Structures are given as C-alpha cells and as structure tokens.
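This report describes how a protein surrounds its ligand and how its domains meet. Please look at the sequence and the structure before reading on.

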Amino acid sequence: MSEVPLHIGLRGIYVAKSSLSYIDGAAGKLIYRGYAIEDLAEKASYEEVLYLLWFGKLPNKKELEDMKTFMAEEREIPEQVVEIISKLPKDTHPMDVLRTGVSALSGFDPDLPKIWGPKINEYKEENVRIGLRITSKMPTIVAYFYRMREGKELVHPRKDLSHAANFLYMMWGREPTELEGKIMDMALILHADHGANASTFNCMVTASTLSDLYSSVVSGISTLKGPWHGGANEAALRMLLEIGSPDRAREYVEEKLRRKERIMGFGHRVYKAYDPRARILKKYAEKLAKETGNENLFQTALEVEKVMVELLGGKGIFPNVDFYSGQVYHMLGIPTDLFTPIFAISRVAGWIGHVLEYWEENVLIRPRFVYTGPMHQEFVPLEVR
Ligand code: SDX
C-alpha cells in the first residue's frame with residue numbers, strides 16, 4: 001500500500017461541523033451553544049439545556065413548559081418492558097439493563113413505524129418526539145431495575161417533579177431534598193454534551209446509515225460503558241475506596257504508574273488542562289463530604305489528585321469529569337454501578353442532539369483501513385491443506 005496518512009483512534013481528526021458544544025482543551029473550557037458550562041450548571045435546568053442543545057436557543061416559558069409536559073407524560077414505560085428487565089439476572093450490570101431496555105422500547109414507539117425508511121432523517125418533528133420519549137424513559141429503566149434488585153416496590157414516575165428530581169424519587173421512594181435535586185440536575189447538565197466523544201461519534205455512525213434513534217442510543221450506551229469513557233466514574237470511585245486513606249494515596253498511585261496502569265478519572269483526549277466539569281463537581285464533593293461524613297474519601301481524592309498532577313500534570317494529565325462525579329454520587333447514596341447509567345441518562349441529550357444536527361445533511365460515515373495483509377494468494381483445496 002502506498003504511504004497514506006494514518007490516524008489511529010481518529011486522534012485530532014475533524015469529522016463534521018457542529019454548533020452544539022466546543023471544548024477548549026488547552027484552556028480547560030467548555031461551552032454549549034456559546035454558553036459557558038459554569039453559567040448553565042449554576043443557572044439553568046437540565047430541561048433548558050436539552051432544549052438549547054437540540055434547538056439552538058434557550059427556551060422561553062411556553063416552550064419549556066410544553067416540552068416538560070410532554071416529557072413528564074412519557075416517563076412511564078410499557079409493562080412489557082418492565083417484564084423484560086425483570087427477567088434479567090439481578091447482577092446484570094445496569095448499563096446492560098439500560099441498553100436492553102432502550103432496545104425493547106423501540107417496539108412500542110408510536111412514531112417509529114411511520115417514519116422508518118430511507119427518509120427517516122427528514123421527519124424532524126417525529127424524531128424530536130422519539131428523542132424526548134427515549135430521554136424521558138431512560139431514568140425509569142435505571143430506577144426500576146434498581147428497585148427490583150433491592151427487592152423493593154417500583155416507584156412510578158411523578159409528573160410534577162423535574163427530570164432530575166423525579167429520577168431520585170423513583171430510586172429512593174421519597175422526594176429528594178432541594179440540595180439533592182439541585183446537585184443531580186447540575187450533574188446532568190455537566191454531562192449532557194461534549195463534542196465528538198466516543199459514544200456520541202458512535203451514535204452518529206449508526207445514524208449516518210439512516211438507522212433510527214433507538215439504535216443510535218443503544219450504540220451510545222454500549223460505547224459509554226467502557227472504563228476509558230463513561231465507565232471511568234465507577235472505576236475511579238472503586239479505586240478511592242480501595243486506597244482507603246490520604247496517606248496511602250502516593251504509594252498506590254506510584255505503584256500503579258510503575259506497572260504502566262492508568263489511574264481512572266484522569267487524562268483526556270482533548271483536555272490537557274483541568275476539566276472544567278471536574279472543577280465544578282469538586283466544589284460539590286467538598287460540600288457533600290462535610291455534610292455526609294465523607295471527609296476521608298474527599299481528602300483521599302485530593303491526595304490522589306495532588307500526586308497525579310505532580311507526576312503527570314506536565315504531560316497534560318489532570319482530573320476529568322469522572323474523577324469527582326463518582327464521589328458526588330456516592331455521597332448522595334447512589335450505588336457505584338449506577339454512576340455510568342446516570343452519565344448515560346444525561347448524555348442522551350447530546351447523542352440525540354448531534355444525530356438531529358447531522359441528519360440535516362446526512363453523509364454515510366465510512367473511513368478506510370490501511371491493508372497490511374498478503375496479496376495474490378493462490379487458493380489451495382481443503383484436501384491438500
Ligand atoms: C470521559 O472524549 C470525551 O470527551 C470523554 C468525556 C465525555 O464527556 O464524553 O470527557 C468523558 O470519557 C472522560 C475520560 C474518562 N476516562 C478515564 O478517566 C480513563 C483513564 N484515562 C485514560 O485512559 C486516557 O486519558 C484517555 C483514554 C481518556 C485519553 O487517552 P488518549 O488521549 O488516547 O491518550 P493516550 O492513551 O495516548 O495517553 C497518552 C499518555 C500515555 O503514556 P505514554 O504511552 O505516552 O507513556 O498518557 C498516559 C498514557 O499511558 N495516560 C495515563 C492516563 N491517561 C493517559 N497514564 C496514567 N493514568 C491515566 N489516566
């Protein structure tokens with residue numbers, strides 16, 4: 001093969017234009033449609049951010065209320081899907097349950113059969129309804145499975161709570177406090193979109209063949225599960241619990257690095273500075289640590305961060321969103337294996353937003369391989385092989 005440019009892992013390669021979000025990796029900044037993530041996390045709701053990502057502007061009161069009403073109506077899932085997830089072994093990873101549940105939901109969507117076909121990307125209104133249905137039902141799948149494996153009664157969705165508060169309500173069977181609801185809403189905003197990350201890109205690859213939104217979101221869930229992507233929040237917390245105390249952090253980190261192993265929750269393909277989302281979550285982790293008696297965990301995290309920045313900061317390796325998100329969820333009392341599903345119920349906004357945008361001028365995503373195998377092989381019959 002003649003010499004061709006080879007970009008393993010598509011490192012540094014631009015594959016589409018998008019106006020949804022921009023990451024300044026050197027400066028450690030993130031904006032959604034021009035708004036700083038710090039402003040949105042502090043002042044907006046997840047529903048407003050979803051609207052911003054899909055439609056390009058913050059909603060006015062009526063637009064927001066109409067969307068929230070539709071979403072609240074769509075939170076419940078068909079009993080057949082409840083039945084399907086109830087049949088899964090109780091130790092099934094919740095990301096596998098979520099992937100299975102979303103897949104099953106596709107059979108019950110009223111709009112999908114009407115638009116399925118070579119023009120699926122032209123049915124904008126139907127696809128927005130499908131997208132809102134998926135977004136509204138994913139938290140229900142996660143919460144229902146959690147209640148099932150705990151042997152508890154299902155807590156059905158309420159229509160009067162926010163997207164974030166209703167998720168916690170369905171998990172716990174009680175209304176979250178204002179602080180709990182605010183923190184979950186803020187966490188959903190921080191994870192909602194992040195450029196061409198692996199799971200978003202995978203959703204776009206699926207959609208570029210004119211498959212459907214359910215299939216795209218199943219692709220996204222499957223990709224996000226990996227510990228080099230969304231699964232890092234679960235792995236990072238398990239690591240902190242394993243370290244156990246601040247005075248053991250340095251030895252643990254140095255030993256891992258000596259073995260060429262990676263410290264979950266650090267490093268990023270684009271950020272070569274502190275992840276701005278980690279900076280925001282760290283503030284809440286510190287606040288919650290005091291209120292929930294988790295100072296030892298937080299101090300251990302600070303020590304891991306200090307050692308990692310000392311050893312690898314020069315290579316542009318800093319904490320990423322996953323390092324502090326797991327601590328915040330843990331301090332809220334959320335089980336560790338639900339951390340990545342929470343990432344998914346947030347990121348579905350970005351996944352669908354990017355598919356809707358890409359479908360405006362759809363192009364099949366199909367790269368090339370550099371062939372390194374043999375040429376001109378003579379076929380030899382089985383008898384003489
Ligand atoms: C998310 O893309 C996104 O936007 C993702 C995300 C989003 O919102 O969608 O931000 C969410 O996935 C955050 C990242 C979560 N993953 C982790 O925390 C897993 C640990 N991180 C690494 O595996 C790594 O940093 C990646 C995969 C995230 C990025 O890796 P790159 O850009 O491909 O860099 P690389 O693997 O080529 O590493 C460069 C060097 C290597 O050392 P050398 O071979 O040059 O000696 O840095 C080292 C790596 O070994 N390195 C690490 C490290 N991350 C990179 N060493 C130790 N610990 C780490 N965490």
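In this predicted model, 25 residues stand around the ligand, and those that come nearest are His194, Gly265, His268, Arg277 and Arg347. By residue class, the shell around the ligand consists of 11 nonpolar residues, together with seven polar and seven charged ones.

Some polar atoms of the protein lie at short listed distances from nitrogen or oxygen atoms of the ligand, as the table sets out.

| Residue | Protein atom | Ligand atom | Distance |
|---|---|---|---|
| Arg11 | polar side-chain atom | oxygen | 3.4 Å |
| Arg262 | polar side-chain atom | oxygen | 2.8 Å |
| Ile263 | polar backbone atom | nitrogen | 2.8 Å |

Arg11 and Arg262 thus each face a ligand oxygen atom with a polar side-chain atom, whereas Ile263 approaches a ligand nitrogen atom with a polar atom of its backbone. Taken on its own, the ligand has 1,100 Å² of accessible area, and the protein covers 78% of that area. Two elements, α15 (295-312) and α17 (339-358), are the ones that give two or more residues to the shell around the ligand.

How does the shell relate to the domains of the protein? The domain assignment gives domain 1 (21-227 + 337-359), which is written as two stretches of sequence, and domain 2 (232-331). Each of these domains supplies at least three residues to the shell around the ligand.

The C-alpha centres of domain 1 and domain 2 are 26 Å apart, and the contact between the domains takes 30 residues from domain 1 and 27 residues from domain 2. Between them, domain 1 and domain 2 bury about 2,200 Å², with 69% of this area lying on carbon and sulfur atoms. On the side of domain 1, Ile183, Leu190 and Phe339 supply 26% of the area that this domain buries against domain 2, which is more than any other three residues supply.

Note on methods. Residues are numbered from 1 along each chain as its sequence is written. This is a predicted model: local features need pLDDT of at least 70, side-chain atom pairs count only at pLDDT 80 or more; totals for chains, interfaces and linings use all residues. Side-chain values use heavy atoms; hydrogens and water are left out. A residue is near a molecule or strand if one of its heavy atoms lies within 4 Å of it. A polar contact is a pair of N or O atoms within 3.5 Å; within protein, one must be able to donate a hydrogen and the other to accept it, and residues adjacent in sequence count only if both atoms are side-chain atoms. Accessible areas come from the Shrake-Rupley method with a 1.4 Å probe; for residues, only the protein chains shown count as cover. Helices (H or I, at least four residues) and strands (E, at least two) are DSSP runs, numbered from the N terminus. Ala, Val, Leu, Ile, Met, Phe, Trp, Tyr, Cys and Pro count as nonpolar, Asp, Glu, Lys and Arg as charged, and the others, Gly among them, as polar. Domain bounds come from an automatic or database domain assignment. Contact means heavy atoms within 4.5 Å. Buried area is the accessible area (1.4 Å probe) that two parts lose on being put together, summed over both.
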